[in-house]
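Subject: Structure handover

Hello,

Here is the structure for you to look through. My notes on it follow below.

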Amino acid sequence: MNTRKQELIQEMLEMQAKFIAYEQSGEFNAEAYYVGEWQEYRERYTELAAEVREIASQEANFWK
């Protein structure tokens, strides 16, 4: 597996764990998630997912 892809996936897993803890804390606030402090989280996660998808597509020799 590509080292960069592994790093990205690890960061995504850490982000997921952080979000799960937030959601299960009972303090989840949809407004904060969509337009507040968690908006940056969502944007970063989307960037990571796109890069992982790009790397995986190249590894699989899949056209875009």
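I began with helix α3. Its buried residues are Trp38, Tyr41, Leu48, Val52, Ile55 and Ser57. Their cover includes α1 (3-24) and α2 (30-35). Please keep in mind that this is a predicted model.

The length of α3 checks out. The helix runs over residues 38-59, which makes 22 residues. At 1.5 Å a residue it should span 32 Å, and its end C-alpha atoms are 32 Å apart, so the two values agree. After α3 comes asparagine 61, with a positive phi near 55°.

Threonine 46 also sits in α3. Is threonine 46 buried or exposed? It counts as exposed, because its relative accessibility is 52% and the cut-off for exposed is over 50%. Its C-alpha atom is 9.6 Å from that of methionine 12, and the two residues are 34 apart along the chain.

Now the charged pairs. Side chains of opposite charge can pair when their charged atoms come close. How many salt bridges does the structure hold? There are five. Three of them are described here, starting with a pair that links two helices.

**Lysine 5 and glutamate 59.** These side chains form a salt bridge at 2.6 Å, N to O. Lysine 5 is in helix α1 and glutamate 59 is in helix α3, so the pair ties together parts that are 54 residues apart in sequence. Lysine 5 counts as buried, at 10% relative accessibility. Glutamate 59 counts as partly exposed, at 42%.

**Arginine 4 and glutamate 7.** The closest N and O atoms of this salt bridge are 3.8 Å apart. Both residues lie in helix α1, three residues apart, or about one turn of the helix. Both ends are partly exposed: glutamate 7 has 46% relative accessibility, and arginine 4 has 36%.

**Arginine 44 and glutamate 47.** Here the closest N and O atoms of the salt bridge are 3.5 Å apart. The two residues are three apart in helix α3, so about one helical turn separates them. Arginine 44 is partly exposed at 31% relative accessibility. Glutamate 47 is partly exposed too, with a relative accessible area of 47%.

There is also a network. Arg4, Glu7 and Glu51 are joined into one by salt bridges that share partners.

To find your way around, start at lysine 5 in α1 and step across to glutamate 59 in α3. Then follow α3 back through its buried residues, among them Ile55, Val52 and Leu48.

Best wishes

Note on methods:
Residues are numbered from 1 along each chain as its sequence is written. This is a predicted model: local features need pLDDT of at least 70, side-chain atom pairs count only at pLDDT 80 or more; totals for chains, interfaces and linings use all residues. Side-chain values use heavy atoms; hydrogens and water are left out. Helices (H or I, at least four residues) and strands (E, at least two) are DSSP runs, numbered from the N terminus. The expected span of a helix is 1.5 Å times one less than its number of residues. Buried means under 20% relative accessible area, exposed over 50%, partly exposed in between (1.4 Å probe, protein chains only). Contact means heavy atoms within 4.5 Å. A salt bridge is a side-chain nitrogen of Lys or Arg within 4 Å of a carboxyl oxygen of Asp or Glu.
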